[in-house]
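This report looks at one strand pairing and the sheet around it, and then turns to the surroundings of the bound ligand. Please keep the sequence and the structure in view while reading.

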Amino acid sequence: MQLNHFFATRNARMKASEIRELLKLLDQPDIISFAGGIPDPALFPADEFAEAFQAALAPERQAQALQYSVSEGYLPLRQWIVAEMAKIGIVCEADNVLITSGSQQALDYLGKLFLSPGDTALVGWPTYLGALAAFNAYEPRYDRLSLTGNRTAESYTEGAEAAGSAVKFAYLSPDFANPTGETLDRAGRLRLLELADTLDCAVIEDAAYQSLRYDGAPVPPVLALELEQKASIEDCRTVYCGTFSKTLAPGLRIGWAVAAKPVISQMVLLKQAADLHTSSINQMAVHGVAAACFDEHVEQLRAVYQRRRDVMLAALEKHMPEGVAWTRPEGGMFVWMTLPEGVNGADLLARSLETEKVAFVPGQAFFADGSGQNTIRLSFSNSNHTAIEDGIARLGRLLRSA
Ligand SMILES: Cc1ncc(COP(=O)(O)O)c(C=O)c1O
């Protein structure tokens, strides 16, 4: 029985990538992988989680921990997030916060909330692949969000209208973006807000890596800058998406969205339809660990990842041939590399796995228009210094021979 021809049209844009097939090879023990943008498991606060889960399962709390709970999320966790948001200039109440199953779920809900088929979403070229995957299900049209060139607001509107739609939102990850590692400066964030005001569209601020700054001065979140211009969060068009995946542990699947109450209320309805609520016990455990040691833990992560970034940047200086360029991120997990014109990142990966046993992610998948063939993403978060030095030396050798 072949059911494929019954699949809804939205599935046409949801494809497994060839890269995934290649990356399956990563299980081989002799491969040095800069592919996954994942935290180092050795840094998980595992003892603190063991304690927090035990506390959640204590006789007086176990009914709550194991029972269904409200779709909005565990109130003490939402209150903790409210206090944390205030520290970065985002003044909100618990009713402005929805706990999601990872920030990936928030991206899915926001696609569902804003996009009818053919609507325009503005995204970076490149942008986070998982955001494209989440939005693709809602069959949008993409246009390139450009905050540095001289594109006019009208050019976005005209493009959308010609396609019979409207611009619904601009999505970006302003701090240490996945995949580029780049940070949008304050002026760029203000230009974004001005553009969104002119287009009258929402802004989705994906703050997945925001806590992981290693140097340079922090830039206020887009939502914080918007709050400086508006009376309260209820007047703001920015939806902020946070996550504990990069700071505590991704396996718990705890993220959050912060926005004006009508947006959160509608997302709550979407959540009720999708999964009722995020895991009760996981929310309680994350709250326990965050309340006990969030700042100290993040401090420790920053110290370790900063050194790994420095080792990778130094190795790139040493080993990369002429014609290869890369970003110098102030935080996060990624360095983005642009190869000479005509060198294809996917072909390079195939060769690299075969001859040098080094893995990375070819950049093309991060481009909504399929460009970027000569780009690759390297992650430094989950490799030790020796592996980084060795892996980059091998990659340099491969590129010299290419
Ligand atoms: C930019 C960005 N946003 C969102 C996510 C999703 O993370 P999670 O669903 O684990 O919170 C990731 C994960 O890699 C990411 O890189």
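## Strand pairing and sheet

Val361 has Arg377 of β13 as its bridge partner. The two strands involved, β12 and β13 (residues 375-379), pair in the antiparallel sense over 2 bridges, where pairing requires that DSSP finds at least two bridges between two strands. Strands (E, at least two residues) and helices (H or I, at least four) are DSSP runs numbered from the N terminus.

An open sheet of 4 strands runs in the order β9-β10-β13-β12, with antiparallel pairing. Because β9 (325-326) and β12 (361-362) each have a single partner strand and stand at the edges, one side of each is left without a neighbour in the sheet.

## Basis of the model

The model is predicted, so that local features need pLDDT of at least 70 and side-chain atom pairs count only at pLDDT 80 or more, while totals for chains, interfaces and linings use all residues. Residues are numbered from 1 along each chain as its sequence is written, and side-chain values use heavy atoms, with hydrogens and water left out.

## Ligand surroundings

The residues around the ligand (a heavy atom within 4 Å of it) include Gln104, Asn178, Asp206, Thr243 and Arg253. Helix α5 (residues 102-114) gives the most to this shell, with 3 residues.

Among the polar contacts (pairs of N or O atoms within 3.5 Å; within protein, one must be able to donate a hydrogen and the other to accept it, and residues adjacent in sequence count only if both atoms are side-chain atoms), a polar side-chain atom of Thr243 lies 2.6 Å from a ligand oxygen atom, and a side-chain N or O atom of Asn178 lies 2.8 Å from an oxygen atom of the ligand.
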